Amino acid sequence: MQKEQALALDFLEEHPDAAVRVLEQHEAAEVVRFLDSLPEDYFRIVLERALPAFAGRLCGHLAPEAAARHLLELPPSTMVSILRQLDNSQIEPILQECPKSRRSACRLLLHYPLQCVGAWIVPNTAVVSSEFTVEEILAFLRDATEDTFSKYVFIVDREGVPRGRISYLKLLKAGPRQQAGHLMERNVAVISGHTLLAEAIKLPCWKEGDVVPVTGQQQQFIGVLRHADLRHGLATQNRPAQQELPGSDPMSGIFEVYGKSLLALFNSISNVVENDLKS
């Protein structure tokens, strides 16, 4: 059993996509019991690599607290793609187990249809007001828990409407008392969250950079769209519903080495659980 477990865990670590394809051929409830027997990190690997529909089924067999704990290890966009597979009655209890910032981010992303820009933004992005001084911006960025995904800091007014951007290089060269409103580059292109992905990919703003601010219904800044996430969103909509079974491509050689150990361990644990339920 120990040798099988070592090989199975090696398979999950070294070839996670192939390993997840093996697990996707089994009932979600059985896979949850199997993953619960392994170190917790492996549940994250499976959720991150599995098709959203299958990952959603796995979360549907977990208590809200457990589902939230695993999902919080994933980026908000990945978490939301999984939550979309659940019923509304299952989503809210999971969100209630999450920190407020993640809960708000997920609700924002869930608000938009998958074919729209708003479903693929990075919502928790550092952004500052135009009244901030350079000194205050740098202090804010040092303490911020939000991520930054470009060489620019985006600037908004007190109503949250995008007004411009400042490059990190310009911030470092500027005097500490200078205000963002005087330093920022104005007339920066923005995209509405309701813009269709197929239309957004054609916009000329991508010639100027790979990150663009996104606005909501009230023209307020709600996050940024990365060109990589835009491409991923388009690819996801065009992805075939079914994946090939293990053994039907060059990965079959890897499956022959590791996959049988994963199945053996999976079946062993499933049998133990089944026997416990019968006793």
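Visitor: How many helices and strands does the protein chain have?

Guide: The protein chain has 15 helices and six strands. Both are DSSP runs numbered from the N terminus, with H or I over at least four residues for helices and E over at least two for strands. This is a predicted model, in which local features need pLDDT of at least 70, side-chain atom pairs count only at pLDDT 80 or more, and totals for chains, interfaces and linings use all residues. Residues are numbered from 1 along each chain as its sequence is written, and side-chain values use heavy atoms, with hydrogens and water left out.

Visitor: What makes the reach of helix 14 close to the expected one?

Guide: Helix 14, residues 227-238, has 12 residues and reaches 17 Å from its first C-alpha to its last. The expected span is 1.5 Å times one less than the number of residues, and for helix 14 this is given as 16 Å.

Visitor: Which residues of helix 14 are called buried?

Guide: H227, D229, L230 and G233 are buried; the term requires under 20% relative accessible area, whereas exposed requires over 50% and partly exposed lies in between (1.4 Å probe, protein chains only).

Visitor: Why are the buried residues of helix 14 said to line one face?

Guide: Seen down the axis, they fall within an arc of 165°, so they line one face of helix 14. The arc is that of the directions from the helix axis to the C-beta atoms. These buried residues pack against helix 13 (197-200) and strand 6 (221-226), where contact means heavy atoms within 4.5 Å.

Visitor: What makes the pair of H227 and R231 a polar contact?

Guide: Their side chains make a polar contact at 2.6 Å. The term covers a pair of N or O atoms within 3.5 Å; within protein, one must be able to donate a hydrogen and the other to accept it, and residues adjacent in sequence count only if both atoms are side-chain atoms. The value of 2.6 Å therefore satisfies the limit of 3.5 Å.

Visitor: Why is N187 called exposed, and what is Q219 called?

Guide: N187 has a relative accessible area of 79%, so N187 meets the criterion for exposed. Q219, at 48% relative accessibility, counts as partly exposed. N187 has a positive phi of about 55° although it is not a glycine, and its place is in the loop between helix 12 (180-183) and strand 4 (191-192). Phi of Q219 is near 65°, also positive in a residue other than glycine.
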